[in-house]
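Student: Can we go through this protein together? I'd like to start with how the strands pair up.

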Amino acid sequence: MSMHPQGARAELLAAVTDNSWSMRIPALADQETANDAAVLILFGVLDSIPASTPDAAVARDLDVLLQRRASTLSSHPGQVSFPGGRSEDDDADAVATALREAEEETGLDPSGVEVLATLPVIPLAASNHLVTPVLAWWQSPSKVAAVDHAETVEVFRVPVAQLLDPATRFTSTITRMGHTFSGPAFDVDGTIVWGFTAMVLNELFDAAGWTLPWDATVKRPVEL
């Protein structure tokens, strides 16, 4: 599955530096009132794989850190997401925001995280945010768990191979105000990853050359 001689980490870097990466999302109607935010897209070698071999890792050896948001939140309640959140005045940049939020939400140790790239800003109309994805590699994984259950109810490392499995993939549909929106989605043992998070993962997998052929005509409605 991995074509680069230096492995998956190199493929991720190549995917976001040669313009393969792209997200086709409409701009916000009023960017002046939007809030800045950042998310951490953290890939690491699976727990069962010796951590001394990250450079040789291929896609099937990896996992990615995700969390489930509390159902009581006003923004994206109950959804599976990357760790992250709104920028604060003390944050030096988007990387600082992503790492701070990830530490607050999952308890991870930022010192074990290698930042690979800051990706172009993605507008999120539903919550009026301008989100900067921060792509990172987990050099020294630390224990993670939901820290504040008012915000996060579950933290988990999802095997990338499971996300790439065509049987896991489908097209999600959601109807709002008479309009139906569709996008890539993943069913991870009953946990549905859709929306922004699924779109970002889908584009990253495509750009890294990891995607396996899957049937996008299989559609399932997503319940909010």
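Tutor: Start with strand E10, residues 179-188, which pairs with E11 in the antiparallel sense over 3 bridges. Keep in mind that this is a predicted model.

Student: Which residue stands opposite isoleucine 192 in E11?

Tutor: That is aspartate 187.

Student: And how many residues lie between E10 and E11 in their hairpin?

Tutor: There are 2 residues between them, and aspartate 189 in the turn has a positive phi of about 50 degrees.

Student: What about E9 and E10, how many bridges there?

Tutor: E9 and E10 pair over 8 bridges, in the antiparallel sense. One of the partnerships joins serine 172 to glycine 183 in E10. These two strands form a hairpin with 2 residues between them, and methionine 177 in that turn has a positive phi of about 50 degrees.

Student: So what order do the strands of the open sheet have?

Tutor: The order is E11-E10-E9-E12, which makes an open sheet of 4 strands with mixed pairing.

Student: Which strands stand at the edges, and why is one side of each left without a neighbour?

Tutor: Strand E11 (191-193) and strand E12 (219-221) are at the edges; each has a single partner strand, so one side of each has no neighbour in the sheet. On average, neighbouring strands of this sheet are turned by 45 degrees against each other, direction ignored.

Student: Which strands does H4 lie across?

Tutor: H4 lies across E9 (169-176), E10 and E11, and runs at about 70 degrees to E10.

Student: New topic. How many residues are in the largest nonpolar core?

Tutor: It has 41 residues, and those with the most contacts inside it are Phe43, Leu62, Phe82, Leu201, Phe205 and Trp210. Helix H4, residues 195-208, supplies the largest share of this core, 8 residues.

Student: What lies apart from that core?

Tutor: Another core, of 16 residues, which include Ala94, Val113, Trp138 and Ala146.

Student: Last one: which residues of helix H1 are buried?

Tutor: In H1, residues 8-17, the buried ones are Ala8, Ala10, Glu11, Leu12, Ala15 and Val16.

Student: And what do they pack against?

Tutor: The buried residues of H1 pack against H4 and four strands named E1 (35-45), E2 (62-69), E5 (113-118) and E7 (129-138).

How values were computed. Residues are numbered from 1 along each chain as its sequence is written. This is a predicted model: local features need pLDDT of at least 70, side-chain atom pairs count only at pLDDT 80 or more; totals for chains, interfaces and linings use all residues. Side-chain values use heavy atoms; hydrogens and water are left out. A nonpolar core is a set of buried Ala, Val, Leu, Ile, Met, Phe, Trp, Tyr and Cys residues joined through side-chain atoms within 4.5 Å. Buried means under 20% relative accessible area, exposed over 50%, partly exposed in between (1.4 Å probe, protein chains only). Two strands pair if DSSP finds at least two bridges between them. Axes are lines fitted to C-alpha atoms, for helices over the stretch in contact, and angles run from 0 to 180 degrees between N-to-C directions. Contact means heavy atoms within 4.5 Å.
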